[in-house]
Structure formats: C-alpha cells, structure tokens
Amino acid sequence: MTTAITIKSTSTDVSNLPVLEISNLAVGYRGNEGFQRVVHEVSLLVRPGEVVALVGESGSGKTTTAQAVIGLLAENGRLEAGAVRLNGTDIAGWSQKRLDAIRGSKISLIPQDPTSSLNPVKTIGAQVAEVLQIHRQGSRAEIDARVIDLLTRVGLSQPVLRAKQYPHELSGGMRQRVLIAIAVALRPALIIADEPTSALDATVQKRILDLIDELRHEYGTAVLLVTHDLGVAADRANHLVVLKEGRVQEQGPTAEVLASPRSDYTRKLLADAPSLGKTRSVSRSISPRIHGRDDAIVVENLVQDFTIGGRRDVFRAVDGVSFTVQRGTTHAIVGESGSGKTTTVRSIVGFQKPTSGRIRVDGIDVMSLHGDTLRRFRKTIQLVYQNPFASLDPRQTIFQIVEEPLLNFDCPPREERARKVQAILDRVGLPQSALTRRPHGLSGGQRQRVAIARALVLDPQVLVLDEAVSALDVTVQAQILALLDELQQALGLTYLFISHDLAVVRQISDTVSVLHNGRQVDSGFVEDVFLRPESAYTRELIGAIPGQRKPTGTDITRSMGAER
Amino acid sequence: MSRYVIGRIGQAGLVLWAAFTVSFILLQALPGDAILIKFLNPELGLGPEQIADIRASYGADNPLLVQYVHTVANFLTGNFGYSTHAGVPVGDLILANLPPTLWLSTLGFLLSLILAVMLAALSALSPFSWLRSCIQSIPALFISTPVFWLGILLIQIFSFQLRLIPIINPGPWQALILPVVTLAVPISAPLAQILMRNIDHVLTEPFVAVARAKGASHRWVLWKHVAKNAVLPTLTIGGILFGELLAGAVVTEAVFGLNGLGGLTQRSVNDQDIAVLQAIVVFSAAAFVLINLTVDLLYPVFDPRLRVRQGAVA
C-alpha cells in the first residue's frame, strides 16, 4: 500500500503556523489480546480558518483520530506514538488536567448525535453557560447575557425562552445549534466536527453546515470535519484526507482529490457514492397503458389520524396519500422525519388500521384483513428494516433467523426447509459457512443480506425496504443496491423503498412520492420529479443534497457520475 | 397533571383492595382457626356446644361473603377488629408495635443510602481500574451475607468482644445501632449495584463527552452531569426496598429481640390470629402503595422529560 503523506500548500496567503499538525499518529485500543493498533502513521495539517475533512467508512479510524486530537479517546484507547501540535505545542502527552484548560477554549467539539449530546436534565441555558463557567468568563450576569447572545447568534428563535427549556423540548436541528453555540462560545482556534449532521434531515443538514461555515468565517476558526459523506466533504472542505483501516490513503486539496484521485480506494469510494448524477443503470420502461391492470400496490387517499393527549386533539400523520406501484418496479417514498412515510408504510403492511382510504396489495384489500387472514397476508409482503444490528436476534444462528418465517407459515419438512434456506443464502450472496454463525460474527453488509434473505424466504410479491441501506457505508450500500436490483430482475419483485436519501432514491427507483407533513407534495416518475419538481419543498430537498456546491471549481456531481 | 395524580391514586386504591381481598381469601382458606386453637385446649374443659356459641359470638360461623362485607366495612371505618389471642383491639396492637419498626426501617434505609452512595462515589473516583473492580464487587459480598449471621456476628464483636454496646438494657438509641447496621448492609447492595451501573452507563453518553470537550474535569462531570442522571432510575428500586423494610424485618427483629411489626407477624402466624394478620397485610400494602405513589409523583419533579408538555405540540 502506498501511503501518500505529501501535504501541499493550498494557497500562499495562509499564515505559516498551522493550527493543528498531526504527525505520525498511532492509536491503539486494549482488547483481549493486548493493544490493537487502529490508527497508523496518520499525518495532516489544518491551517487557520481552513476546513479539513477526514473522510472514510466505519472502522477507518477517522473518529478515533479526532478523539485523539481532543484527548477524549475511550477508556481503553491509548495514543501510542506521534505528535499532536496545537498552534505549535505538542499536546499528545498532556495529562487530562492540562487538557481541561484548552478544551472548550482553544479546541472544541461539535458532536454527532444532537439528541443524546445534551444533558436531558439540565436547561439549555445552563449547558451553554457551563463552558463559560469552567473557563471563568465573567460574572453570573455577564455569562447569562453572553448565553442569550450566543443562542441568538446560532439562529435560535426566542433565545430567552430557549435558555430556560430542556433539550427534549427542542428539535434535532435546534439542539445541534445549541451544541454549535457551546463549541464557538470561547472562539477556539480549532473545532472538531464529528459527523455534525449525520443524524439530521437533509434540509436541516444544509442549514447547519451553512451556519458552521458562517461562524468559521466570522471567527476565523479552523475546522476538522469528520464525515462519511463525500458530498458533504466536497461541499465544505478545502482539503480532503481519505482514511481506510487507520491509514491515510491520500490527501490533498478537495478539487484535486475529487478530479484525479490517486489511490484505488478513493476511486472506489467516489464510484460507490450515490449522487444526483446517477440514475437507474437498467432503466425499465413503464408503460402507462397497462396501468391499473398489473399493479402490485394501490394506495388511494390514505388518511391516518392519531389522538394525542386528550381525546379531542387529533393529529393527522398522513393526509390523502395516493400512488400505484406497477408489478416488478420500485416505488420510493421520500420525506424527512415527521413526514408520515413510516406511518404510510405501517398502514400498507397492515400494522395499523388507516382512518380512511383504500389499500390493495397484490389484489388483496388490506383494510379488510384481520386475525389469521392478516397473518397470511405477511406471506405477500415482507419488510427489511434500517438497522441490521437491531433487527436480527443476536442469540439465533443465521440458519434459525432465515428459517423462522418458514416455521410460522406452511412449515415444510426439515430437509426442505434446509434446502430453501441454503438456496436463499446463495441468492443473496452469502457463503454457506455463515449458516452456523450468529449476527455479531457478520459485518453490517452481511447482516443486511441476512435480513433480505429472511424476507425473501417466503417468496413474497412485495418487499418493503425501510431505509434499508441508510446505515451502511457507501461501498457496502452500493453492493446491497446492486443485489436488490439483481433480485428484482430475477424474481420479479416489487419494491417499496422508504428513504430520506434522494441520491439513493434516484439510483434505485422508477417512481417516487415525496411526502411533507403528511401530504404528498410531488409524485410520478423519478426523472420527472427530479428534473421538474412541482412543489417548493421538493426543490428545497433536491437543493439540500450535498455534493452539488462547487467551492473548489469542480463539479463533484459530474466527476462522481463520470466514474461509472 | 391533576388527572395523572387522580389516576395514580385510583390505582393505589385498587391495589389496596386487591391485597385485602386476596389475603382475606387465603387466610380463610387456612385449616383451623384461632378460636379453635385457643378454646379447644382440653384444660379449659369446654364442650362442643360451648365452642359453637363462642364461634357464633365472634361471627365465625357466618357465610364467608357476609364476613367479607363486614370486615371491609369495619376496615373502612378504621375498626380492625379484636385479636383473638390477646383480646385487645388490633389497631392498638399495631400502633404499639409500629414505632420500633418505623425507626429501624427508616434509619436502616438512610444508612443503606449513605453506604450505596459512598461505594458508588468511590468506584467512580478511583483512578485505577483494578481498584474500581474491587469496589464494584463489594455489593455482591453484601447481598450474599445472611442477615441472621451478620446480626449475630455484630453482637459478638461489638457487644461481647469490644463491649461498646450493652446487650442487657441498652438505651433506646443504643438498641437500634446494631439492627440498623444489620438491615442496611444487604439493602445497600442492590442500590449500590444499580447506582454503579448507571454511573458507568451515563459516563458513556455523548453528553458527557461534550462536557469533557468544554474543559470540564472528571469530578465536575460526575457531580454536575452524571449524578442526577444516575440517581433517577434508582428512585423506583429505592421505594420498593423501603416498602419491603416497613413490611417487616422479621429476622432482624428476632435476632435483636425488638418488639416490632415483624415480631407481631411471627406471633400472629403461630397463633393463627387472623384479624391481626389481615390488618398487618393491609397495613404493609398501604405502606408499599404510599411509598411507590410518592416516588411516582416525585419523578416529574426531578426529571423534566416527565413533566406534562405545555403549549403546542411539536
């Protein structure tokens, strides 16, 4: 493996002293067999006011590297070699006590998950004030005033009210703004942003990244951006550092790396990343003439109300959604959290009774089903969930997991079950040796294959894929998408694909419904919706997809699409 | 909010009624009764007719349902009946035996809280992982210590060997010291275990990393962020443990010869004194229900997430 550690000076006007200089960093974790090294000889530079993106898939060591910089490695982690120079001072060997003095003031953190990154039992104001109190920034009244200033600056409405509220009373985007306020409070030289928007909706992600950009310009703060999303990195970073298995694959100015990647791995990463430039590789012609005759799913005017609190308050989660899905094609339901996409799917699968409307799946009126007919209906439609780590029982072997649906239905004899399980495992591209293993012995991609095998073992007509590739790394995501495509062609399956990721949707589906606040704001063929969106919301959604900005003069979309 | 409170109180009432009814049925199903035990004694020389008369005067020959309705009505008016064995009102009997148990369990519970918090704090602040795992194994030792053995051991050491606490005619406070310690040690174990586990869990929460990234020291984080989050889940188990204590520390009272509810329960079972047992069951259930109700109503005070949301929904 060739490790390129040449660091080119991107421009001449930056000051000569980098804010952060990591050289030959090595980090290990204590495991069963002593320390295992997960970060090897990582070197990089962050200059004042610059954004450097650490890009890589899960397990690449990007978060570990970032944690090592701020001295917050997990308890079993250890910085084994190398230097971490902050404004020229090596802080690699510093004690926690010494680091406490610079954390929050010279170097700060924007964490990944805003929902769990604020203390649930303390007010927003108290948590912003804390960083000022720790570093003794003025009197009580001064701090209180500063907190309101900061909350105003990060764009929170009604900052005085927000300061008195608790985290659960704020949305995810608002919480991330609070965390940004904490990070910039003391105008640090460096902010480490660890996947700062991965848990947020696309439109919120864009606004948050814009805010970080804005504050960075205002305060002259440098940012080390850790992300798995090449689009985000391409949009926001001056400099890219690509990590794989704890080693730097290549690094350089963003435009250069994207336009002419030197390492094979970067090329693969760029090719696998979903982007707006990609459409269905095999474009199937959907003929409107047979419309209505061969529809696998028909949803008409679906309405779903929920009562909240008292009996009088009714919340309409889904409001008049209609679409049809032709057999053998893929229909995507797109929307952000709270859009009603999950509720729609739960009605279609028969998990809940809709308030009104009509649903037919494979000719069956879903709303008339109950008891055993509803149970039988599950043979027709099967689900694959988002999280392959949570949707498989850790105590069952892969064979038991895939076999279970057969036991629940016709329960064929043992040999036939074994034959069926083996056949379906082949089908989804898993080795037979996986049969005796348990989920924890498999990778994320393999687990999702198991989940697909479990869904397919009953020979269903329709497969509902609820964010089925959202939790996977891009290279694995590309493999699973290819598998789904192949299965659809071989078995004539109909897919209902639920996703928040428009780029993936464009890549896999034929038709699409865009939901917003329970209403269907756009629907039709994917190409029509993407090229000529009718609603302002769809336009905003498409505009929020990362990887479209050209800060460095390169069209990432085109360069990524060109890889195919 | 008030609707929630009324609902919880209603549930509490239901639990009390169920406890009463179940115990009534079970106690009536027992073979024999206190009247037979007391008056069938051959030395009294009572004939079968006389015993039947006595039974009638106690109302023991009424149909079960009539007895049930009677007892419910009496309990509701605060009349718990008479002890067949001692011949005094059951209410007086319980009141007389309550203070030692109340002191014992309250002090025992407080001491167990202090022990649990101390253990948890020591483990959280210990700088070495080997020391922490040592401290974390102490609760397992505590919980597997038999109460009667610990009580006797404490008496051996402090009363007989060191002669610090007189065993004959101790003062009212001196008499409580050893039983309180005996009671507190096993009770502190589950509390400490839950507390330690919660602390370890909260320490892995992302908001702790954010606090550290603000420059907060380990102690600051423990005190200002971890403590409250770790204590919240222990409230429930604390309430249950305290309820169990009140319901009777039979063994501890027996070892130290205290005249509490535990002792009373034990004697009443021996004598099949159904009226007393029925009242004790209802009293224990009431104590249990009341403590748990208090805990449930206290939760929203400590945890803002459980307060009823005001204003518009999302």
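A trainee and a mentor discuss how terms apply to this predicted model.

Mentor: Residues count from 1 along each chain as its sequence is written, and chains are lettered from A in the order written. In this predicted model, local features need pLDDT of at least 70 and side-chain atom pairs pLDDT 80 or more, while totals for chains, interfaces and linings use all residues.

Trainee: What makes the radius of gyration of chain A agree with a compact globule?

Mentor: The rule, over C-alpha atoms, is 2.2 Å times the number of residues to the power 0.38. For 564 residues that puts a compact globule near 24 Å; chain A has 25 Å, so the two agree.

Trainee: What share of chain A counts as buried?

Mentor: Buried needs 20 or more other C-beta atoms, placed from the backbone, within 10 Å of the residue's own. Of the 564 residues, 47% count as buried.

Trainee: How many residues does each chain bring to the contact?

Mentor: Contact means C-beta atoms, placed from the backbone, within 7 Å. Chain B gives 19 residues and chain A gives 27. On the chain B side, α10(B) gives the most, with 6 residues.

Trainee: What classes make up that side of chain B?

Mentor: There are 8 nonpolar, 5 polar and 6 charged residues. Asp, Glu, Lys and Arg count as charged; Ala, Val, Leu, Ile, Met, Phe, Trp, Tyr, Cys and Pro as nonpolar; the others, Gly among them, as polar.

Trainee: How many helices and strands does chain A have?

Mentor: Helices are DSSP runs of H or I, at least four residues; strands are runs of E, at least two. Chain A has 20 helices and 20 strands.

Methods
Contact = placed C-beta atoms within 7 Å. Buried ≥ 20, exposed ≤ 12 C-beta atoms within 10 Å, placed from the backbone.
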